[in-house]
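The following exercises are intended for a reader who meets this structure for the first time. Each one sets a task and then works through the solution step by step.

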Amino acid sequence: QVQLVESGGGLVQPGGSLRLSCAASGSIFSINSMGWYRQAPGKQRELVATITTSGGNTVYADSVQGRFTISRDNAKNTVYLQMNSLKPEDTAVYYCRAVYAYGRGALPSWGQGTQVTVSS
């Protein structure tokens, strides 16, 4: 299994920046990809960005393209989400997710979430 711990959330003014971190532990060698999702009050959880652990291929939601950057440090087993030009609509609980190989398939593992609030 894989355990994830997020950090870096907080309150920021519109136009500001934050960096989220997600540290993985456990069966880290089996992780295929990691990513960030977010859930705002009354809304479904949505994809923000993902990155593969091998090739570093990335995918971004249209709403964050050009403002957010996902990156990884395999030596530290950590994935980061650099968030710039933050908007009030970015306010949400941000969750880290890892997809890891298990048997003949794959399973997801989720972190506990970290609150990001964008407000003046």
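**Exercise 1: Strand S11 and its partners**

In this predicted model, S9 and S11 run antiparallel and are joined by 3 bridges. Determine which other strand pairs with S11, and how the side chains of S11 are arranged.

*Solution.*

Step 1. Begin with the pairing to S9. Val-93 is the residue that stands opposite Gln-115 in S11.

Step 2. Look for the other partner. Strand S2, residues 10-12, is joined to S11 by 3 bridges, and these two strands run parallel. Within this pairing, Leu-11 has Thr-117 of S11 as its bridge partner.

Step 3. Follow the side chains along S11, which covers residues 114-118. They alternate: Thr-114, Val-116 and Val-118 point to one face and are buried. Gln-115 and Thr-117 point to the other face and are not buried. The two S11 residues named in the pairings above, Gln-115 and Thr-117, thus belong to the face that is not buried.

**Exercise 2: The overall fold**

State what secondary structure the protein chain contains, and decide how its radius of gyration compares with the globule rule.

*Solution.*

Step 1. Count the elements. The protein chain has 11 strands and 0 helices. Its pattern along the sequence is accordingly β-β-β-β-β-β-β-β-β-β-β.

Step 2. Compare the radius of gyration with the rule. The value for the protein chain is 14 Å, close to the 14 Å given by the globule rule for 120 residues, so the chain is as compact as a globular protein of that length.

Step 3. Add the extents. The C-alpha trace spans about 45 × 25 × 25 Å along its principal axes.

Step 4. Consider burial and contacts. Of the 120 residues in the protein chain, 40% are buried. Among contacts between residues at least 6 apart in sequence, 52% join residues at least 24 apart.

Step 5. Turn to the surface and the charges. The accessible surface is about 6400 Å², and carbon and sulfur atoms account for 48% of this area. The chain carries 10 positive and 6 negative charges, whose mean positions lie 6 Å apart.

**Exercise 3: Strand S8 in its surroundings**

Identify the strands that pair with S8, and establish whether S8 is enclosed or open.

*Solution.*

Step 1. Take the pairing with S7. Strands S7 (residues 68-73) and S8 (residues 78-83) run antiparallel and share 6 bridges. Asp-73 stands opposite Thr-78, and Thr-69 has Gln-82 as its bridge partner.

Step 2. Take the pairing with S3. Strand S3, residues 18-26, also runs antiparallel to S8, again with 6 bridges. Here Ser-21 is paired with Tyr-80.

Step 3. Assess the burial of the strand. Because 5 of its 6 residues are buried, S8 is largely enclosed by the rest of the structure.

Step 4. Examine one residue of the strand. Val-79 is found in S8, and its relative accessibility of 2% makes it buried, as the cut-off is under 20%. Beyond its neighbours within four places in sequence, Val-79 is in contact with residues including Leu-20, Cys-22, Met-34, Trp-36, Ile-51 and Ile-70.

**Exercise 4: Positive phi angles in two loops**

Where are Asn-77 and Ser-85 placed, and what are their phi values?

*Solution.*

Step 1. Recall the general expectation. Most residues other than glycine have a negative phi.

Step 2. Locate Asn-77. It lies in the loop between S7 and S8, and that hairpin has 4 residues between its strands. The phi of Asn-77 is positive, about 55 degrees, although the residue is not a glycine. At 26% relative accessibility, Asn-77 is partly exposed.

Step 3. Locate Ser-85. This residue is found in the loop between S8 and strand S9 (92-102). Its phi is also positive, near 50 degrees. With a relative accessible area of 42%, Ser-85 is partly exposed.

**Exercise 5: A charged residue in strand S4**

Is Arg-38 buried or exposed, and which residues is it in contact with?

*Solution.*

Step 1. Place the residue. Arg-38 belongs to strand S4, residues 31-39.

Step 2. Apply the cut-off. A relative accessibility of 6% is under 20%, so Arg-38 counts as buried.

Step 3. List contacts. Leaving aside neighbours within four places in sequence, the contacts of Arg-38 include Glu-46, Phe-68, Glu-89, Asp-90 and Tyr-94.

Key. Residues are numbered from 1 along each chain as its sequence is written. This is a predicted model: local features need pLDDT of at least 70, side-chain atom pairs count only at pLDDT 80 or more; totals for chains, interfaces and linings use all residues. Side-chain values use heavy atoms; hydrogens and water are left out. The radius of gyration is taken over C-alpha atoms; the globule rule is 2.2 Å times the number of residues to the power 0.38. Buried means under 20% relative accessible area, exposed over 50%, partly exposed in between (1.4 Å probe, protein chains only). Contact means heavy atoms within 4.5 Å. Accessible areas come from the Shrake-Rupley method with a 1.4 Å probe; for residues, only the protein chains shown count as cover. Lys and Arg count as positive and Asp and Glu as negative; His and the chain ends are not counted. The place of a charge is taken as NZ of Lys, CZ of Arg, CG of Asp or CD of Glu. Two strands pair if DSSP finds at least two bridges between them.
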